[in-house]
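The exercises below each set a task and then work through a solution one step at a time. Please keep the sequence and the model in view while following them.

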Amino acid sequence: SPDAQPTGGPLVCAPVALSSGEVVGVLAVEEIPFLYLSAATERMVGMVGEWLGRALSRVRLVQSLRARAIVDEDLLVFTEAYFHRSLEREFPRAVRSGEAFAVLRASLTGLSSFSPERRMLAWKAAGQIILQNLRVTDLVCRHAREGCLWIFGPLPGGGEELVRRRVQEAV
């Protein structure tokens, strides 16, 4: 009979493939009392498999972009991940070359009573002031867990004190 249903196992399956074509899984629809095998059912399961594949592609893309992102979108300074990668590269370089190297921590105090939106506005303003008062070679990075900005770079002959003073005066 045309309405006869198979017993046991999936009723219909569809590949779940990323937009690159890589198959990452199979969508298997088990026997469901109200679902009958038909051409429409097969098309529907195929569409759901395609939707899942596209959704997974988007998730992977977002994860990849976040991992590669080097700029904090809120403050327009470098990200914490970029800070750590740069520090791993720059500190040994400074040691090899014998250059002075400094890491300065800039934090804003007294913001705990502010709303999150007002805290972000304060950080944005401070970040812009700091960026305007530093050299092109200085890196400014946001450290989200500590709620501060890190400034670092090669600083010849007492340069770290000069940068610290300029930032403190500007903010």
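A residue is called buried when its relative accessible area is under 20%, exposed when that value is over 50%, and partly exposed in between. The model is a predicted one, and of the 171 residues of the protein, 28% count as buried.

**Exercise 1. The overall layout**

Task: State how many helices and strands the protein has, and give the pattern they follow along the sequence.

Solution. Step 1: the count of elements is 4 helices and 5 strands. Step 2: reading along the sequence, one meets these elements in the pattern β-β-α-α-β-α-β-β-α.

**Exercise 2. Helix α1 and its contacts**

Task: Determine whether the span of α1 agrees or disagrees with the value expected at 1.5 Å a residue, and then find which residues of α1 are buried.

Solution. Step 1: α1 has 30 residues, which should span 44 Å at 1.5 Å a residue, and because its end C-alpha atoms are 43 Å apart, the two values agree.

Step 2: the buried residues of α1 are T41, V45, G49, G53 and S57. For S57, the relative accessibility is 14%, and since buried means under 20%, S57 counts as buried.

Step 3: two of these residues can be followed to partners elsewhere in the sequence. The C-alpha atom of G53 is separated by 8.8 Å from that of G25, although their positions lie 28 residues apart along the chain as the separation is counted; G25 belongs to strand β2 and, at 22% relative accessibility, counts as partly exposed. S57, for its part, is 6.1 Å from S19, C-alpha to C-alpha, with the two residues 38 apart in sequence.

**Exercise 3. Salt bridges**

Task: The structure holds 4 salt bridges; work out which parts of the protein are tied together by the one between R60 and E22, and where the pair E50 and R54 lies.

Solution. Step 1: the side chains of R60 and E22 meet in a salt bridge with an N to O distance of 3.7 Å. R60 lies in helix α1 while E22 lies in the loop between β1 (10-17) and β2 (23-30), so the pair ties together parts that are 38 residues apart in sequence. R60 is partly exposed at 43% relative accessibility, and E22 is also partly exposed, with a relative accessible area of 43%.

Step 2: E50 forms a salt bridge with R54, in which the closest N and O atoms are 3.9 Å apart. Both residues lie in helix α1, 4 residues apart, which is about one turn of the helix. E50 is partly exposed at 48% relative accessibility, and R54 is partly exposed at 40%.

Step 3: in helix α2, E90 and R93 are 3 residues apart and therefore separated by about one helical turn, and their side chains meet in a salt bridge at 3.1 Å, N to O. E90 counts as buried at 15% relative accessibility, whereas R93 counts as partly exposed at 39%. Together with R89, these two residues are linked in a network of salt bridges.

**Exercise 4. Helix α3, the cores and a surface patch**

Task: Explain why the buried residues of α3 line one face of the helix, and identify the residues that make up the largest nonpolar core.

Solution. Step 1: α3 (residues 116-132) has 17 residues and reaches 24 Å from its first C-alpha to its last, close to the 24 Å expected at 1.5 Å a residue.

Step 2: W123, A126, G127 and I130 are buried in α3. Seen down the axis of α3, its buried residues fall within an arc of 105°, so they line one face of the helix. The face turned away from this buried side carries the exposed residues E117, R118, L121 and Q132.

Step 3: the largest nonpolar core has 7 residues, namely L75, V77, A106, L111, W123, I130 and V140. Another core, of 6 residues, lies apart from it and includes V12, A14, V16 and V29.

Step 4: at the surface, I70, V71 and L76 make a nonpolar patch of about 240 Å². V71 is in the loop between α1 (39-68) and α2 (80-97), and its relative accessible area of 39% makes V71 partly exposed.

How values were computed: Residues are numbered from 1 along each chain as its sequence is written. This is a predicted model: local features need pLDDT of at least 70, side-chain atom pairs count only at pLDDT 80 or more; totals for chains, interfaces and linings use all residues. Side-chain values use heavy atoms; hydrogens and water are left out. Helices (H or I, at least four residues) and strands (E, at least two) are DSSP runs, numbered from the N terminus. The expected span of a helix is 1.5 Å times one less than its number of residues. Buried means under 20% relative accessible area, exposed over 50%, partly exposed in between (1.4 Å probe, protein chains only). The arc is that of the directions from the helix axis to the C-beta atoms. A nonpolar core is a set of buried Ala, Val, Leu, Ile, Met, Phe, Trp, Tyr and Cys residues joined through side-chain atoms within 4.5 Å. Patches are made of residues with over 30% relative accessible area and no salt bridge: like charges are joined within 9 Å, nonpolar side chains (Val, Leu, Ile, Met, Phe, Trp, Tyr) within 5 Å. Accessible areas come from the Shrake-Rupley method with a 1.4 Å probe; for residues, only the protein chains shown count as cover.
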